[in-house]
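I opened my notebook with a plain aim. I wanted to look up how some helices and strands sit against each other.

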Amino acid sequence: MIQANSSLSATNRENHLSRNLLIRFILGGTTLIFSISAYFSYQATRNLMLKDLRHSAFLEVQRGDSEIEEWLHVRQVEVQTLANTSTVRSLNWSVAEPYLKAEVKRINEFFLFQIATPDGSYSNTKVGRSNKNIQDRDYFQKAIAGKSNISDPFISRSTGIPLIAISTPIWSNSATSSSPIGTFHGNVRVDRIAKVVNSLHYGTNSYAFALNSQGQAIVHPNSALMSTVEKPAPSLLKIGDRNLNAIAQRMVNKQQGIELMEIDGTKKYVAYLPLQAANWSVALVIPRQNIESRLQFLDLIALIVGGLTLTMITVLWQVQAFEQRELKKSKAAADTANHAKSEFLANMSHELRTPLNGILGCAQILLRSPALPKQELYHVNIIEQCGSHLLTLINDILDLSKIEAKKLELHPYDVHFPSFLQGIVEICHIRAKQKGISFIYKPPINLPTGVYVDVKRLRQVLLNLLGNAIKFTDEGQVTFNIEVIDQSPNDGQIMKHRLRFTVEDTGIGITPAELSQIFLPFEQVGEKKRQAEGTGLGLAITQQLVQMMGSDIHVQSQIAKGSSFSFELEIPEATDWVQSAMIASEKQIIGFEGGPYTILMVDDRWENRTVITNLLQPLGFDVFEASNGKEGLEKAIALKPNLIITDLLMPEMDGFELIKHLRHTPEIQNVLIIVSSASVFEADQNRSLQAGGNAFLSKPIQVDELLHQLEQYLNLVWIYKQSQPDGEKAKEVTTVTAQLTSPSPQVLQELVTLASKGNFNAILKWADQLEQTDPNFAPFANELRQLARQFDEDLIIIFLTKYAVETV
């Protein structure tokens, strides 16, 4: 027993020593690992902080660079604008001199303005006509070759003052001229550039300088490096300081960066950045301690870390810093992805809406034509409806983003409900016919005539559901059924109708597993070949729109037998739909009162310009076209129009720059500007209004909205086409009916009943049935069909009443 206990005790001591050795090994290894980790973490953190501090210093150079760029850009635009005036183009100095002297005083940024002829002789606002020549000046040679440019600083031959020339060619008004007829120069002092450069600082003893294209100092605190009348400036490319030579070479080569090097015997950071407007570069020299002094606290922490506890704390701090960096990286990646998505959506929306603007615009022009026959009018109406549906599909992806961001709102208004539904049925009937399947529409007898609803969103919901049903049905039929399940007045005694919309098909069906996914964004079920036909967003948007309307979509489906989608909506009855319909149908604008108005249309797409021209010229407007912003600016100065309609995305000069030029050109700065763009993003709309636009008009252009904006901004009084009196309508119908064979009085009375309820679909079915029953009824059925397709129940009742049928 004693021996056994001794053996057990020895074993325990051995196990205890082993455990202590293991613990010491773990602690030592952990300490070593943590110490090494702390050291490398310290180095990595220091490098990151130093990078951020260097970037902060570089931003100071960027600030000065941007300020100079903006100032030069504004001056260059002013020079180009003056060069395009008829006064300067005349090259007559006796005429131009007083005008240009007044402009020098008005702008107060230029030292002088100068006109030069192709042989190099010139006149300016300081010395008048000069007997000297500038043919050897680089800025003159570039301008006479047709290029606007900003020169390096030079000593003026007429004044002896250091100046910078902003030069541009003077073009003749003649379209046959291919070479400039002279050059125009606006000369500014170097003082403004020096003021900006000297304002750049990053701590004590820092200074900035600027170099021209030859490496000579435009601005420098060392006066020995600056040009004077008596002594040209030495190039920094040729001085003795090797490091300064290297920086100057990079600046002349238009490179950018920030580097630590020895200058004037001490280590300094040099941040340098080129200008885009001129062939210059700006640099900022910063003492090393101004940047790295902010790292001293980190160095102090590294010295204190001498034990395991502080090492562990440092490790934890580094872990936290690492997590923060990863979080920032994730956020930056997400922001980049969102920006890329937004740019993709904006570009795709613009590219799709631009041709659609031509389709819908031309359709609207044709619909306004009084000479279009009824049959062609019917087909054009289908084109317009299908184009509007395509526009709705384009908006699907954008709508999903708006819904998720809670930015989408419903906009209900009064509408004639049977006509609205009939328009949807017409579109779906065409799709079903193309697939060789039947489309059945079952409206209730007590369908409300007028309702107050967001027509755009309800149409979007119904077309999505019906479109999917047709898409996934290869044989059989698709049925669109509407039931009135309840009618009750609300607190204001306005009748509310609870309607159930049901879409049934005999298609491929949906599996139970797929049913849980069909309302998710970008989820598509069924066969792969069918998935390629859509975006995977239709049902997701449809479900969310229905939920915004206060309901839910319910689905029942069986594989190989078909599916049924249904939802219920409570819709208020409308009281003013008749008046709205009369205004829309009878008040056709044919002109305006007062004198002529000139409108300039600026758009790089010919179809967009054609739509506006063909819409407005028949009304009496003088419409002129320009294919880009530069041409638009020239025509605006020449024509001085009452209103300009401009696109945003154009070559040579975009819409934003055009608006900026218009607002800075005195003779047309108050012209009215409507921005018309296919961009649907509020940022572009707000930016165009902030730039100086008066209103925004989305593409595809809707005629009513365009005319409304013209009425608002030009204070127009429209002239409307006189509506045809009922007596003349009846007379027309009488002339037609005298040649037709009518059906029985019972059938006629049934047709009158359907017409009074606005059930045009049932009337169309009756017309087909009569034509099949007896060929003698064909003329009657054809006339009835044409009237029903116009959705004009008054004309139908007048037509039927001529057969002595009493209206019910």
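My entries below cover one sheet, the helices on it, and two helix pairs.

**Entry 1: the model**
I noted at the start that this model is predicted.

**Entry 2: the sheet**
I looked up the strand order. The sheet is open and has five strands, in the order 22-21-23-24-25. Their pairing is parallel. Which strands stand at the edges? I found strand 22 (622–626) and strand 25 (695–698) there. Each edge strand has a single partner, so one side of each is left without a neighbour in the sheet. I also checked the twist. From one strand to the next, it averages 20 degrees.

**Entry 3: one strand pair**
I picked strand 23 (residues 643–646) and strand 24 (residues 672–677). They pair in the parallel sense, over four bridges. Which residue in strand 24 is the bridge partner of Thr646? I found Val675.

**Entry 4: helices on the sheet**
I turned to helix 17 next. Helix 17 packs on the sheet and touches strand 21 (598–602), strand 22 and strand 23. The direction of helix 17 makes about 175 degrees with that of strand 22. Then I looked up helix 18 (residues 629–639). Helix 18 lies across strand 21, strand 22 and strand 23. Helix 18 runs at about 145 degrees to strand 22.

**Entry 5: helix 17 with helix 21**
I stayed with helix 17 (residues 606–616) and added helix 21 (residues 703–714). Their axes come within 12 Å and cross at roughly 65 degrees. Angles of 65 to 115 degrees count as roughly perpendicular, so helix 17 is roughly perpendicular to helix 21. I wrote down the handedness too: the crossing is right-handed. Which residues meet here? Helix 17 brings Ile612, Leu615 and Leu616. Helix 21 brings Val703, Leu706, Leu707 and Leu710. By class, I listed seven nonpolar residues in this contact, with no polar and no charged ones.

**Entry 6: helix 11 with helix 24**
I looked up a second pair, helix 11 (residues 417–435) and helix 24 (residues 760–773). Their axes are 9 Å apart, and the packing angle is about 55 degrees. That angle makes helix 11 oblique to helix 24. From helix 11, I noted Ser419, Gln422, Val425 and Glu426 in the contact. They meet Phe760, Asn761 and Leu764 in helix 24. How do the residues of this contact divide by class? I recorded three nonpolar, three polar and one charged.

Methods:
Residues numbered from 1 in each chain as written. Predicted model: local features only at pLDDT ≥ 70, side-chain atom pairs only at ≥ 80, totals over all residues. Heavy atoms only, no water. Axes fitted to C-alpha atoms, helices over the stretch in contact; angles between N-to-C directions. Helix = DSSP H or I, 4+ residues; strand = E, 2+ residues; numbered from the N terminus. Parallel < 35°, antiparallel > 145°, perpendicular 65-115°, else oblique. Left-handed = near helix turned anticlockwise from the far one by under 90°. Contact = heavy atoms within 4.5 Å. Nonpolar A, V, L, I, M, F, W, Y, C, P; charged D, E, K, R; others polar. Pairing = 2+ DSSP bridges.
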